[in-house]
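Please open the model in your viewer and keep the selection tool at hand, since each stop of this tour begins with something to select. Terms are explained where they come up.

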Amino acid sequence: MRIDGEWALFDDGVARPMVSGEILAADGSWVKFPFLVDTGADRTVLTAAALTQLGVRPNTSYDGISGLGGMAESVVIETQIRLSRENSSKVVFRGQYAAVTEVQSLDMCVLGRDITGLFAVIVDQAGGVVCMLSQRHHYTIQLN
Amino acid sequence: MAFHESSHEELSMADLLNPIVMEEVTDLEELAQARAQDERFERNFRWFQEHAAEIFTRYRGQCIYIAGEELFAGDTPEEVIAQAKAAHPEDNGGFVHCIPKEKVAHIYAHRRRMGAL
């Protein structure tokens, strides 16, 4: 399985590794979001804007999200995240995800290792590659 | 040494560590609808990328929504989502993005807990 992303421009010309995906909303529709591929993030975290748009009722509050700015108010929601495969099919990740509740806490949904840990992740800015590999897809490191 | 204790209202990281279940989508109708949505998103995202420099300068601190290759700006996600849905109800490939008030380097992390010894 191969899930391709890209280096996209965010915040005044800063390129970030992202994959586009969808999150299942409370009304049964799928809503598109760009996800930051963050190999340092332990968990997938949704933005407050995503939480608003999805309309999913939070299960409970959650106190476990922090960055350099300190702790962020957050909740847990149960939903599904859907990503595109190399063959134009889709793969769904069902589970519980944290979402921040303050708009300024997080500007982009973060794909963390609860999902990326299921893959070998390539985040190669020099080569312009963002890619998640599993199953029959592998990577090779070569010495030229 | 004191360690943080969660209240009953809060979840610890361990509580959230229930495994994510990964499944392939096999429904052909769902896949066709998803591909159409992807194409709409691609158009909107390409438009966003082409105008990124202007957008991040002009709309700093605001929420934006791109739909129909058009930008909607406002103070809250609710506001821009409503504007975009009203203008382009057919476009399910739009997306919302709230631009930070200040341009800063982003570092995200998950809070780690220590166990008592």
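Begin in chain B by selecting strand E3 (residues 63-67) and E4, which pair in the antiparallel sense over five bridges. Here strands and helices are DSSP runs numbered from the N terminus, with at least two residues for a strand (E) and at least four for a helix (H or I), and two strands count as paired if DSSP finds at least two bridges between them. Before going further, note that this is a predicted model, in which local features need pLDDT of at least 70, side-chain atom pairs count only at pLDDT 80 or more, and totals for chains, interfaces and linings use all residues. Residues are numbered from 1 along each chain as its sequence is written, chains are lettered from A and ligands numbered from 1 in the order in which they are written, and side-chain values use heavy atoms, with hydrogens and water left out.

**The sheet of chain B**

Still on this pair of strands, select Ala67(B), whose bridge partner in E4(B) is Glu70(B). Now add E5(B) to the selection, and you have an open sheet of three strands in the order E4-E3-E5, with antiparallel pairing. Strand E4 (70-74) and strand E5 (95-98) of chain B stand at the edges with a single partner strand each, so one side of each is left without a neighbour in the sheet. Neighbouring strands of this sheet are turned by 20° against each other on average, direction ignored; the axes behind such angles are lines fitted to C-alpha atoms, for helices over the stretch in contact, and the angles run from 0 to 180 degrees between N-to-C directions.

Next select H2(B), which packs on the sheet and touches E3, E4 and E5 of chain B, its direction making about 130° with that of E3(B); contact here means heavy atoms within 4.5 Å. Then select helix H4 (residues 77-87) of chain B, which lies across E3, E4 and E5 of chain B and runs at about 145° to E4(B).

**The disulfide**

A disulfide is a covalent bond between the sulfur atoms of two cysteines. For this search it is a pair of cysteine sulfur atoms within 2.5 Å, and over all chains the structure holds one. Select Cys63(B) and Cys98(B) to see it, with sulfur atoms 2.3 Å apart. The link is right-handed, with 100° about the S-S bond. It joins distant parts of the chain, as Cys63(B) is in strand E3 and Cys98(B) in strand E5 of chain B, 35 residues apart.

**The cavity**

Keep Cys98(B) selected and add Phe33(A), Pro34(A), Val96(B) and His97(B), which are among the residues that line the largest cavity. On a 1 Å grid over the protein atoms alone, a cavity is a set of points where a 1.4 Å probe fits but cannot get out, a pocket is an open set with protein on both sides within 12 Å along at least five of seven lines, and lining residues have an atom within 4 Å of a point. The largest cavity has a volume of about 80 Å³, a volume being the space filled by probe spheres set on the points, which are joined across faces, edges and corners. E5(B) gives the most to its lining, with three residues.

**The sheet of chain A**

Move to chain A and select E1, E11 and E10, which form an open three-stranded sheet in that order with antiparallel pairing. Its edge strands are E1 and strand E10 (120-124) of chain A, each pairing on one side only. Three bridges join E1(A) to strand E11 (residues 129-133) of chain A, and Asp4(A) stands opposite Cys131(A) in E11(A). E10(A) and E11(A) pair over five bridges, and in their hairpin, which has four residues between the strands, Gly128(A) takes a positive phi near 70°.

**The second largest pocket**

Which residues lie closest to the centre of the second largest pocket? Select Asp4(A), Ser20(A), Ser84(A), Asp38(B) and Glu42(B) to see them, out of the 17 residues that line this pocket. About 320 Å³ of space lies in it. The largest share of the lining, four residues, comes from H2(B).
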